[in-house]
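Please look through the structure shown below before reading on, and keep it in view while you work through this briefing. The points that follow begin with the whole chain and then turn to its parts, topic by topic.

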Amino acid sequence: MPGDGLVGRRLAVTAVHAEIDRAVTGLGGVLLLVGDAGMGKTALAGEAVGYARAHGATAVWGTCWEGEGAPGYWPWIQVARELTSDVAAPEFTSAAGVLSDDAAARFRTYDLTARYLRRHADHGLVVVLDDLHWADVSSLRLLLFVARQLHDVGVLVIGTCRDVEFSAADGAVRLLLAELAGQSELIHLSGLATDEVGELIHKTTSERPPGALTRMVHERTAGNPFFVQQVARLLAARGTDLDHTSAGGVPPAVGEVLRRRLARLPSEVVDIAGTAAVIGTQVSIDTLTAVSGKALDDVLRALDILVPAGVLEPDAPGAVRFAHALFREVLYDGLSATTRAVLHLAVAESLEADRDAPAAEIAGHRVAALPAGDRARAVTALVEAAADAGERTAYDEAAGLLARAIEVAGGKGVVDLDTLCAGAEALRRAGQGPAARELFGIAAARARAAGDQVVLARAAFGAHRVPTRTETCRADVVALLEEALRGSPGGWLLTASLARELSDGPDRDHERAVRLAESAVAGARADGDNVALAYGLFALVDVRWRPGTATERLRLAAELATAATAAGETELLLEAKLSSLVARLELGDPAFADEVDGFVRLAERTGIPHYRYLALSRVATRATLTGPYELADELIENAAGYGERIDEPDTWGVEASQLIGLAMLRHDWTRVSALAATRGENLTPPEFTAHEQAWLLIEAGDHAAAAAVVSSLPQRSALYRWRHAALLTAEAELAAAVRDQKRCADLYQRLLPLADEFAVVAAAVFTTGPVSLQLGLLADALDRPEDAAAHLEDAAARSDRLGARLFAARARSELARITDRDTGNVFRRDGDVWTLGYAGLTVQLRDAKGLRDLAVLLATPGREVSAAELSGDQLPQLGADPVLDEHARAAYRARLAQLDDELAVADSDGDAQRSNRLSSERDALVQELAHATGLAGRRRRLGDNSERARSTVTARIRDTLNRIERVHPALGAHLRAGVSTGTWCSYRPAETVRWTVSRS
């Protein structure tokens, strides 16, 4: 039976076997085994490996490294080594280009690894990654990438993770583990029950313990299987009680157990085990022999004792590993500081003789050896390890190693400038902007003092690449670039960087920025410098960014993509794709959706936090075009949450802009403004506060006050380039809403040249839709219905072409509103909004079931329609108890009266969103009361369903007529006179009235 080999883990073993069976049939995934140290995660993974191999699958093992010595991708390196075959293994290395972030190399590593695993999955492949709580960031990112590829291939990755270390991990690791958990099957291993503790003691000692002893062991160990085993072995030998355990580190009682077990071993064997503890969790026998100073035979004899004792266990050929990390911790803690330092130095020197030894492992031992050994050599080892991490695109590890190198060297004011700049660049790539800016600033100051123009230029270029919040003053970066350029004439990278700095921000000089960008492109072409050419084209796209240039920028973006690819600059390739999707959105090009998908894929593959945020927020932008609103809200919130976690400077600005874009569509400025207030943020910049105020007044029904605010707005002759069109369209929405004809006429003329475009804010943060939509609103406000209709028809067609369903629906709704004024009587549904036109007045109401009932009746005047047909209910006979007691009925009626008052206010204010919410609640209450009330108000019994349809439909039609009367008294009176309700319902007006009815 499954689970017999592991006490108390029968269900867990069954679940693991099921996942392996799925992998053998070609359906893979990720399975996480989570629990405290000693809960049996590794044992369960080992059982899984045995089961997989017994069923014809391949099974391999990689273990994460606890200390600083391991390189990025360390567990994956072990997996690749163990999968010995003719299939080419990923090397986890890539040549780094000059000034390149090597994101492309990282993706190649990811893709090669995924394909490598696929090729080994013919009969199922199980990959165990042990101790993920100690995993490096690069290994976790690779695992996330691989996890997304496993749904159709027989690869099962089993990861083990301590939940305590999970919660205590640094920010990047914690976020990645959390994301991984969301994509995995989880098995949480907790402590054994009391009877299971007794079973484990029996299995360990071959003696059945008395109940009192079992309960004591369970209480002292919380059922931790490892602790129980260790205690049981000690009890079998000595019969002693347990000491009190603590939550952190090695529990004292367990530490004592382990130390006593070790004390039974020969001292020379324990010495070798202590040396192994310094080497690490996994121990090469050759390294152990070299460092211990013992003969190989002596080491092997010691291993022959340590393995049966359960301290060590065989690992890969020529290596052993500790059976549990607690053994290693106890042994390591038992060494004096001097002994540790001497041994670490010996390990480092031994590894340096091995050309295949990981650089990070050498560096870790060099640093741990201090003050023994040479400090400068330790710094060099850290720098070499960082370079190795960079070649593997493990930028987080590179940043950490370089930060350690700076610290070991004596600090930022002492370390050599190359290391300082490398540390700053690694921080930038890892998304740690403030820390990167600080190091670049220190490097620039030291280079200036030393007269080192090369480092000064490197620091200036690096400082330029660190992002800050839009419109933030960057005068210091501009000054640094100017200074570096004076000492480096012909520095096209610096020239392009200065052009971009001057194109934006409070100190912008657009004319000079254009000249600089053009000269950078020309100079780089002449010099044949692909990197500088790519940056020059990036700057040129930036300075050309204004309304009416989308076609030109689309061409430049394609050229930038080619140059970035040739230069190996993946960040610039991402910028090219971003520029392209912005231009396509402005043009209303249906290829926009594919451009977004391509950008998202590349951003995910590179894993750079900044670009991943841009991808998430632009997916949200697309949802504000396509809908539904709920999805757009969710995606905006998700992108903002990620941006806040990574400290992306523009997070709130982007979120607020997208919420404003949606507010223009669904008129919920009050809600959005309140949301900003709860965040302690301003929804709009100070110069646009009046716009927000005007919309709030419109939603409150105070059109006169709103018109006064709009009339006081300044007439802007020229607006900021990538905000120009959207700001004009936003002002057009306001002017049309209050029918400020003078302002409408001016805005109409200014927007007419942009009639073929979509108005877009920034890099596709949001759009106000096709400009023809606002032109239609302006023409309507100017009493030019034919022009308005033509513009709105064009807006709907352009929105359809782009797939912008929300804007297409709005354009058609506005068009219908204009058309309905001329066509008479209309009862039409558009999504969640009904347009009702009668006797020259058109109003809109949020959807309700009563409106749908009336539409059926108006569509077939004179025809009797059964209430059961209108309700659509199939009502079961449920018994004869009262549906509602008297108290509940009274409460329902009191709430209905309150809702009637609130609906009257909402409808008169034109607050469609609030009206919809209140109507939904009222419909539900009316239906409940209808279900509970029979003829003449008698309480309905649950089995009395013959009248339920009648009373339900009657109540909701009556409720809807009340709502209509509040906003359109003439229509309400007409319908109340012409509509009859009961078991059969009909519409029979006194005089024939022709209706245009639509229920779509």
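**The chain as a whole**

Among contacts in the protein chain that link residues at least 6 apart in sequence, 66% join residues that are at least 24 apart. The model described here is a predicted one, and its protein chain contains 46 helices and 17 strands. Of the 1000 residues in the protein chain, 55% count as buried, and the accessible surface comes to about 41200 Å², with 52% of that surface belonging to carbon and sulfur atoms.

**The sheet of strands 6, 8 and 7**

- Three strands make up an open sheet in the order 6-8-7, and the pairing within this sheet is antiparallel.
- Strand 6 (282-284) and strand 7 (312-314) stand at the edges with a single partner strand each, so one side of each is left without a neighbour in the sheet.
- When direction is ignored, neighbouring strands of this sheet are turned by 35 degrees against each other on average.
- Strand 6 and strand 8 (residues 319-322) run antiparallel and are joined by three bridges; in one bridge, S284 has A319 of strand 8 as its partner.
- Helix 13 (residues 285-292) lies across strand 6 and strand 8, and the helix runs at about 75 degrees to strand 6.

**The sheet of strands 14, 16 and 15**

- Another open sheet is formed by three strands in the order 14-16-15, again with antiparallel pairing.
- The edge strands here are strand 14 (865-866) and strand 15 (979-980), each of which pairs on one side only.
- Helix 41 (residues 849-859) packs on this sheet and touches strand 14, strand 15 and strand 16, while its direction makes about 65 degrees with that of strand 16.
- Strand 14 pairs with strand 16 in the antiparallel sense over two bridges, and within strand 16 it is W984 that stands opposite S866.
- Strand 15 likewise pairs with strand 16 (residues 984-987) in the antiparallel sense over two bridges; V979 stands opposite Y987 of strand 16, and S980 has S986 of strand 16 as its bridge partner.
- The hairpin of strand 15 and strand 16 has three residues between the strands, and in this hairpin G982 takes a positive phi near 150 degrees.
- As general background for looking at either sheet, the side chains of a regular strand alternate between the two faces of the sheet.

**A pair of helices in contact**

- The axes of helix 20 (residues 417-429) and helix 22 (residues 453-465) come within 10 Å and cross at roughly 10 degrees.
- Since angles under 35 degrees count as roughly parallel, helix 20 and helix 22 are therefore roughly parallel to each other.
- On the side of helix 20 the contact is made by L417, D418, C421, A422, E425 and R428, and on the side of helix 22 by V455, R458, G462 and R465.
- The residues in this contact of helix 20 with helix 22 divide into four nonpolar, one polar and five charged.

Key. Residues are numbered from 1 along each chain as its sequence is written. This is a predicted model: local features need pLDDT of at least 70, side-chain atom pairs count only at pLDDT 80 or more; totals for chains, interfaces and linings use all residues. Side-chain values use heavy atoms; hydrogens and water are left out. Two strands pair if DSSP finds at least two bridges between them. Helices (H or I, at least four residues) and strands (E, at least two) are DSSP runs, numbered from the N terminus. Contact means heavy atoms within 4.5 Å. Axes are lines fitted to C-alpha atoms, for helices over the stretch in contact, and angles run from 0 to 180 degrees between N-to-C directions. Angles under 35 degrees count as roughly parallel, over 145 as roughly antiparallel, 65 to 115 as roughly perpendicular and the rest as oblique. Ala, Val, Leu, Ile, Met, Phe, Trp, Tyr, Cys and Pro count as nonpolar, Asp, Glu, Lys and Arg as charged, and the others, Gly among them, as polar. Buried means under 20% relative accessible area, exposed over 50%, partly exposed in between (1.4 Å probe, protein chains only). Accessible areas come from the Shrake-Rupley method with a 1.4 Å probe; for residues, only the protein chains shown count as cover.
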